[in-house]
Amino acid sequence: MKQVTGNAFHYGWVIIAIAALSQFFSGPGQTYSNSIFIDYYIEDFGWSRSTVSGIYSAATLTAGFLLFFVGRLIDRNGSRKMAVAVSVSFAVACFFNSFVTSLVMLFIGFFFIRLLGQGSMALISSSLIPQWFVKKRGRAISIAAIGGLVSSAAFPLLNVWLIESFGWRSSWLILGIIIIVCFTPLALFLIQNSPEEMGLLPDNGAALKAEPEKKLIKEVSWSVKEASKTRAFWLLLLCAAIPGIVNTGLTFHLVSIFAEKSLSLETAAGILSLTALIGLPVTFITGILLEKVKVQYMLTLVFAGELVSLFLLQKADFLAAAMVFGLVWGVSMGIERIVMAVVWPNYFGRKHIGSISGISMAMVVTGSALGPLPLGIAFDLFGGYTEILWTLMIFPIFGIVAALLADPPKKEASIQQPVAKEIEGPAENPLLAE
């Protein structure tokens, strides 16, 4: 492989493809996929919406607490071993969900698909790409994000078709088979943990490595303990949790919210797909902008988009209005996917990115856990969602303030590996040429 990884071909492209597939196959653990199953649970078992929402939130919250340890395992064992182990376990979790008959089993099923799907599969992707790209990290992450966008477009519609054709129990079995057949072998044979393991450098540095003229690079890497002493770390964790609260709550109950407005299940699934499709061009633009614009400013756009989305959702009483809501919501989520993946390695380096991203992902999952329950309770108490949708607007406002205050921290750099002098990063990138 080293013979074909010169200027003509960069193995980082393979890594981007695998990272994209990891995000795609996290789909069965994501809320946009699970939301299609919720009404079938309620109908078949007679459980209340707030009960199912509470189980989902509790399982998601419990899973979130463990993601820090998953991040540490990635740092210790590498992405390849973890991707294989996680994907096999994720498939087994899907199989388990096909046998759910009680609330206890529902909790266990939700817990494992959230831990392994939404959490670990996404964490593997977000930890792998920063190892391979520095100068064009934003673009690389934006390309890999196509996997998540296609996933959010495909799985709602796929689930509707599977459930209507085979029933919800068989649908879970099929989803598990798809994961273990399509993703696990690719992870086993194609993932390389870092360019250094292949004698390469980030950003296609293989051929440049042989050149006599090099510059020493200073790579600033923060341990979790060091990062936790900065103000930016805690403000960014708050920024990581808020989209989970808002977006997961809306996605989980979107079928019910639209039903209240006399919009069909197919419309809800279509809007979820629309948000993914509009996110495709948005992610590319965001990846390029992040090389020129401070990441914290891009983060404010995420929360501004959430504010507008919450307002538009309350006016979505007909198809055209629902589509406008979906467009704005899709733009906001498209920016958020890239910004939150770039900000951690840009602020704190790549040496401990698994552990730090694990904490971030734990906050995302925790936010996801807190999102569905208030909407479910509000629906049972008030018979609708108007009051809770207005209340949710508080969170994006907090997010805007936190993002503006989260200035990049400063730290003395330690000299690392030699690297071609063309490798540079954005203003707040931790890789600084001396």
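This tour moves from the core of the structure to its salt bridges, then to a surface patch and two cysteines. Keep in mind throughout that what you have open is a predicted model.

**The core.** Begin by selecting Tyr41, Phe110, Leu250, Phe258, Leu299, Trp344 and Phe348, which are the residues with the most contacts inside the largest nonpolar core, a set of 130 residues. Next, colour helix H10, residues 231-260, since this helix gives the most to that core, with 16 residues. In soluble globular proteins, nonpolar side chains tend to be buried together. To look at one place within the core, centre the view on Leu250 and display its neighbours: leaving aside residues up to four places away in sequence, Leu250 touches Ile257, Leu310, Leu313, Trp329, Leu375, Leu389 and Leu392.

**The salt bridges.** How many salt bridges does the count come to? The count comes to 2, and you can visit each in turn. Side chains of opposite charge can pair when their charged atoms come close.

For one of them, select Asp39 and Arg49, whose closest N and O atoms are 2.8 Å apart. Asp39 belongs to helix H2 (residues 31-45) and Arg49 to helix H3 (residues 49-77), so this pair ties together parts that are 10 residues apart in sequence. Is Arg49 buried or exposed? Arg49 has a relative accessible area of 12% and is therefore buried, because buried means under 20%, whereas Asp39, at 28%, counts as partly exposed.

For the other, select Arg231 and Asp407, where the closest N and O atoms lie 3.8 Å apart. This pair links distant parts of the chain, 176 residues apart, with Arg231 in helix H10 and Asp407 in the loop between helix H17 (394-405) and strand S2 (414-419). Arg231, at 52% relative accessibility, counts as exposed, while Asp407, with a relative accessible area of 42%, is partly exposed.

**The nonpolar patch.** Now switch to a surface view and select Val88, Val92, Ile177, Ile180 and Val181, which together make a nonpolar surface patch of about 380 Å². Helix H4 (79-97) and helix H7 (168-182) are the elements that give two or more residues to the patch, and H7 supplies the largest share, 3 residues. Val92 is found in helix H4, and with a relative accessible area of 48% Val92 is partly exposed.

**The cysteines.** Finish by selecting Cys94, which is buried at 0% relative accessibility, and then Cys239, which is also buried, with a relative accessible area of 0%. If you look for disulfides, the structure holds 0 of them.

How values were computed
Residues numbered from 1 in each chain as written. Predicted model: local features only at pLDDT ≥ 70, side-chain atom pairs only at ≥ 80, totals over all residues. Heavy atoms only, no water. Disulfide = S-S within 2.5 Å. Buried < 20%, exposed > 50% of the residue type's maximum accessible area, 1.4 Å probe, protein only. Patch = residues over 30% accessible without salt bridge, like charges linked within 9 Å, V, L, I, M, F, W, Y side chains within 5 Å. Areas by Shrake-Rupley, 256 points an atom, 1.4 Å probe, with all protein chains shown as cover. Salt bridge = Lys/Arg side-chain N within 4 Å of Asp/Glu carboxyl O. Helix = DSSP H or I, 4+ residues; strand = E, 2+ residues; numbered from the N terminus. Core = buried A, V, L, I, M, F, W, Y, C linked by side-chain atoms within 4.5 Å. Contact = heavy atoms within 4.5 Å.
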